[in-house]
Every structure is written in C-alpha cells, then in structure tokens.
Amino acid sequence: MSALASRPEGCKGCRDSVHVPEAQIDRMIEKLERHPESCAPTDQYEARLASCAACADLQYGSTCAHCGCFVRVRAKLLAGTCPKPGGSKWA
Ligand code: SF4
C-alpha cells in the first residue's frame, strides 16, 4: 500500500493520527483554561469557531488544513490567529 493510500482525506500532511476523540480535545481545552490570562474570552472563542465551522478549509470537523491545528485549541488561545492565506477569516 502506498503512503498516499493511508491518507483518508485531501490534506497532504495528515495521517490517521489527526483523528482524535473529542474528549482528547476537551482535555487540551481544560489544560488551557488553567491559564485564563492566555485564553480568548468566550464570545471571541465562539465567534472564531463559528468562522471555522463555515470554512471550507476545516478538515475532519476539527483541524485547520493550513496549520494542522485543532481549531478548538487554536481559537481558545488569546494570541491565536487564523492562518488562512490571503487573510484571516476570524473577525
Ligand atoms: S483557515 Fe481559519 S477559519 Fe478556516 S479552519 Fe483554519 S483557522 Fe478556521
């Protein structure tokens, strides 16, 4: 089997390990929340995730095709940015 055959979707850098249970991402978020000074306010976090949910570059419902980040984690970080080429989709 070729390496490409093991890649389930279009993102050239992603392998099966990109699929993680939602509970694992929940734990990452919980760890970030221990440092509230580094977290985006709830309204900003939710607005960012709404943009990701409407973005064609969201892969597997969890991952940004441009940076490979879990968008829930990236959006949670106060200093997080949207890496969309040509300009951020986050307000
Ligand atoms: S390009 Fe921006 S809006 Fe689209 S999935 Fe990535 S972080 Fe989200």
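**Figure 1. Tyr60 in the loop between two strands.** In this predicted model, Tyr60 is found in the loop that links strand 1 (58-59) to strand 2 (63-64). Its phi angle is near 60°. That is a positive value in a residue other than glycine. Tyr60 has 14 other C-beta atoms within 10 Å, so Tyr60 is partly exposed.

**Figure 2. Lys76 in helix 3.** Lys76 is found in helix 3, which spans residues 71-76. Is Lys76 buried or exposed? Lys76 is buried, because 23 other C-beta atoms lie within 10 Å, and 20 or more is enough to count as buried. Which residues is Lys76 in contact with, leaving aside its neighbours within four places in sequence? They are Ile29, Leu32, Cys39, Ala40 and Tyr45. Pro36 makes a pair with Lys76 to look at too. The two are 40 residues apart in sequence. In space, their C-alpha atoms are 9.8 Å apart.

**Figure 3. Glu37 in the loop between helix 1 and helix 2.** Glu37 sits in the loop between helix 1 (22-32) and helix 2 (42-53). Why does Glu37 count as exposed? Glu37 has 5 C-beta neighbours inside 10 Å, and a residue with 12 or fewer counts as exposed. Now find Leu77. Glu37 and Leu77 are 40 residues apart in sequence. From C-alpha to C-alpha, Glu37 and Leu77 are 9.4 Å apart in space.

**Figure 4. Thr81 in the segment after helix 3.** Helix 3 covers residues 71-76, and Thr81 lies in the segment that follows. Thr81 counts as exposed because it has 12 C-beta neighbours inside 10 Å. The cut-off for exposed is 12 or fewer. How far apart in space are Thr81 and Val71, C-alpha to C-alpha? The distance is 10.0 Å, for two residues that are ten apart in sequence.

**Figure 5. The residues around the ligand.** Which residues surround the ligand? Four cysteines are not hard to pick out by name: Cys52, Cys55, Cys64 and Cys82. Ser51, Asp57, Leu58 and His66 are also part of the surroundings. So are Val71, Pro83, Lys84 and Lys89. By class, the shell has seven nonpolar residues. Two more are polar, and three are charged.

**Figure 6. The protein chain as a whole.** The protein chain has three helices and two strands. Read from the N terminus, the order is α-α-β-β-α. The chain has 91 residues, and 11% of them count as buried. Take the contacts between residues at least 6 apart in sequence. Of these, 51% join residues at least 24 apart. How confident is the predictor on average? The mean pLDDT of the chain is 87, and 80% of the residues score at least 70.

**Figure 7. Residues 1-8.** Over residues 1-8, pLDDT stays under 50. How many contacts beyond four places in sequence does the model have for these residues? The model has six.

Methods: Residues are numbered from 1 along each chain as its sequence is written. This is a predicted model: local features need pLDDT of at least 70, side-chain atom pairs count only at pLDDT 80 or more; totals for chains, interfaces and linings use all residues. A residue is near a molecule or strand if its C-beta atom, placed from the backbone, lies within 6 Å of it. Ala, Val, Leu, Ile, Met, Phe, Trp, Tyr, Cys and Pro count as nonpolar, Asp, Glu, Lys and Arg as charged, and the others, Gly among them, as polar. pLDDT is the predictor's confidence in each residue, from 0 to 100. Two residues are in contact if their C-beta atoms, placed from the backbone, lie within 7 Å. Helices (H or I, at least four residues) and strands (E, at least two) are DSSP runs, numbered from the N terminus.
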